Structure formats: structure tokens, C-alpha cells
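Work through the exercises below with the sequence and the structure at hand. Try each task before reading its solution.

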Amino acid sequence: MLVAPSILSANFGKLDSEIKAICDAECDFVHIDVMDGHFVPNLTIGPVVVDAVKKVATKPLDIHLMVENNTFFVELFSHIKPKFLSFHIEEEKHPHRLIQKIKSYGIGAGIVLNPHTKVDEIEYLLEDLDLVLLMSVNPGFGGQSFISSVLEKSQKLKELIVKRNSKALIEVDGGVNDKNIKALKNAGVDIVVAGNYVFSANSYKDAINSLRV
Ligand code: DX5
Ligand code: ZN
């Protein structure tokens with residue numbers, strides 16, 4: 001299992017050392033939640049802060065957009081060259097076009113599905129995608145409870161990925177901890193995002209290792 005700590009739960013007063021700490025603890029990606037106060041009822045960080053994160057991070061960035069105007073934000077973050085840049089399918093009229101735009105920057109393209117969104121929605125996009133991010137909480141905040149229906153969704157998605165001969169990875173975001181990690185592994189998940197679980201631990205390394213099932 002690959003592990004992407006979400007810096008939403010980090011201490012933003014010492015963001016520099018928090019980023020260094022999770023990278024030293026051998027996380028696989030640094031997950032960054034970009035919220036615009038419209039698509040979700042919360043507001044986080046823009047490219048100025050993400051540029052600063054990139055300077056200290058020794059692991060690739062995984063940017064999760066929770067915004068209304070996806071194209072504007074994709075352009076705004078394109079120079080940062082994260083490993084993955086993902087947008088919500090619920091907010092995009094032209095997902096195929098936006099995937100191509102993300103890939104034209106040399107960035108891995110990801111689509112995010114809210115807890116209620118069916119995986120069938122994205123079947124015909126799978127061959128173009130590098131990542132599918134399944135939300136296991138309603139987006140907007142860290143520290144919420146895991147919605148277990150994501151397990152069945154992940155299994156269905158895995159079948160579709162095989163059927164469409166796609167290379168897309170499955171990532172799950174929200175409420176991940178050492179109690180649900182085995183079920184996530186069994187459901188075919190490749191990457192987990194963990195905010196509160198990692199950043200509230202005494203040892204980031206132990207927390208990350210406990211998710212490596
Ligand atoms: C929620 C964010 C998540 C969040 C996860 O909208 O997308 O990345 O930070 O935090 P935890 O692991 O605390 O649920
Ligand atoms: Zn996220």
C-alpha cells in the first residue's frame with residue numbers, strides 16, 4: 001500500500017518541518033487539498049503555499065482540487081508539476097478535455113468521486129486516467145468518519161479498470177486508519193490518503209508503516 005499523508009491535518013504554523021517530517025518518514029506522496037470555499041465549505045491554500053511545500057518536499061506531490069472552476073485551477077497549479085492533479089467529476093462538464101489538458105503538462109491526471117457518485121460515471125474515461133480518487137468522507141474537512149461503502153466501490157472500480165485495460169491507480173481519501181487499512185487493501189486500493197491518523201500520531205513513521213499492508 002502506498003501512503004499519502006494529507007497536510008490538511010499538519011500544523012500550518014510549522015509547515016516546513018511538518019513536510020520534512022513526513023518525507024523523512026518515507027511517505028510515498030504529499031497529499032495537498034485545495035479548497036475554494038464554493039465547491040466545499042472550506043478554504044485552504046493556493047499556489048504560493050504549494051510552491052513553498054514543493055521546495056521542501058522530497059516526495060512527489062498529489063494535488064486534490066475541490067473547486068468550482070477546474071480549468072482555472074488546473075492552469076494555476078500546472079507549473080508546480082505534481083505527480084497527480086485530480087479534479088471532481090461532479091463539477092466538470094468536459095472531463096475528457098480536462099484530462100488531456102492535465103496530461104499535456106506532463107502531469108498524471110486524476111478524477112475524484114464523492115461518496116454518492118457511481119464508478120460507472122467514469123468507465124469511458126479510465127483508459128486516459130492515471131488515478132481515480134474515491135472519497136470515503138464528504139470532502140471539505142479532515143478528521144471525519146470513514147464511509148465503508150467505498151470498499152464495494154473500489155472493488156467495482158478495480159473490475160472496470162481491468163476490463164478497460166487501464167493503468168489507473170485507485171486512491172481512497174478520508175477516515176483512513178489502521179482499523180480499515182486491511183479491508184482497503186482487499187478491495188484493491190493502491191494508495192491511501194491519511195490526514196488525522198498520521199498527523200495526530202506521536203511517530204509519523206510508525207503511523208505510515210502501520211498502513212503498509
Ligand atoms: C477531505 C480531504 C482529505 C482529508 C483527509 O476533503 O480531501 O484529504 O484531509 O483527512 P482524514 O484522513 O483526517 O480524514
Ligand atoms: Zn484530499
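The exercises concern a predicted model, and they go from the sheet to the metal site, the core and one helix.

**Exercise 1. The sheet**

Task: Find in what order the eight strands lie in the open sheet, and which strands are at its edges.

Solution:
- Step 1. Read across the sheet: the order is E1-E8-E7-E6-E5-E4-E3-E2, and the strands pair in parallel.
- Step 2. Look for strands that pair on one side only: these edge strands are E1 (2-5) and E2 (30-35).
- Step 3. Compare directions: on average, neighbouring strands of this sheet are turned by 25° against each other, direction ignored.
- Step 4. Take one pair as an example. Strand E6 (residues 131-135) is joined to strand E7 (residues 169-173) by five bridges in the parallel sense. Leu134 has Val172 in E7 as its bridge partner.
- Step 5. Add a helix: H5 (residues 150-163) lies across strand E5 (108-113), E6 and E7, and runs at about 160° to E6.

**Exercise 2. The zinc ion**

Task: Identify the protein donors of the zinc ion (ligand 2) and work out why the arrangement of its six donor atoms is octahedral.

Solution:
- Step 1. List the protein donors: His31 through NE2, Asp33 through OD, His64 through ND1 and Asp173 through OD, at 2.0 to 2.3 Å from the ion.
- Step 2. Write their spacing along the chain: H-x1-D-x30-H-x108-D. The pair His31, in strand E2, and Asp173, in strand E7, links distant parts of the chain, 142 residues apart.
- Step 3. Recall the ideal case: six octahedral donors have angles of 90 or 180 degrees.
- Step 4. Check the angles here: the six donor atoms around the zinc ion subtend 70 to 169°, and therefore the arrangement is octahedral.
- Step 5. Check exposure against the cut-off for buried residues, under 20% relative accessible area. His31 has 0%, so it is buried. Asp173 has 8%, so it is buried too.

**Exercise 3. The nonpolar core**

Task: Decide which residues of the largest nonpolar core touch the most other members, and describe the contacts of Ile7.

Solution:
- Step 1. Take the 65 residues of this core: those that touch the most other members are Ile7, Val30, Ile32 and Leu184.
- Step 2. Ask which element gives the largest share: H5 does, with five residues.
- Step 3. Set aside neighbours of Ile7 within four places in sequence. The residues in contact with Ile7 then include Phe12, Leu15, Val30, His31, Ile32, Val53 and Phe199.
- Step 4. Look at Ser6, in the loop between E1 and helix H1 (15-24). Ser6 is buried because its relative accessible area is 5%. Beyond four places in sequence, its contacts include His31, Asp33, Gly195 and Phe199.

**Exercise 4. Helix H2**

Task: Establish where helix H2 lies, which of its residues are buried, and whether Val56 is buried or exposed.

Solution:
- Step 1. Place the helix: H2 (residues 47-56) lies across E2 and strand E3 (61-66), and runs at about 165° to E3.
- Step 2. Name its buried residues: Pro47, Val50, Val53 and Val56. They pack against H1, E2, E3 and helix H3 (70-77).
- Step 3. Relate this to helix geometry: an α-helix has 3.6 residues a turn, so residues three or four places apart point the same way.
- Step 4. Test Val56: its relative accessible area is 19%, so it is buried.
- Step 5. Find its partners: leaving aside neighbours within four places in sequence, Val56 is in contact with Asp16, Ile19 and Lys20. Val56 and Ile19 are 37 residues apart in sequence, with their C-alpha atoms 6.9 Å apart.

Technical notes: Residues numbered from 1 in each chain as written. Chains lettered and ligands numbered in written order. Predicted model: local features only at pLDDT ≥ 70, side-chain atom pairs only at ≥ 80, totals over all residues. Heavy atoms only, no water. Pairing = 2+ DSSP bridges. Helix = DSSP H or I, 4+ residues; strand = E, 2+ residues; numbered from the N terminus. Axes fitted to C-alpha atoms, helices over the stretch in contact; angles between N-to-C directions. Contact = heavy atoms within 4.5 Å. Donors = N, O, S within 2.8 Å, 3.2 Å for Na, K, Ca; no water. Tetrahedral: all angles 85-135°; square planar, octahedral: opposite > 155°, others 65-115°. Buried < 20%, exposed > 50% of the residue type's maximum accessible area, 1.4 Å probe, protein only. Core = buried A, V, L, I, M, F, W, Y, C linked by side-chain atoms within 4.5 Å.
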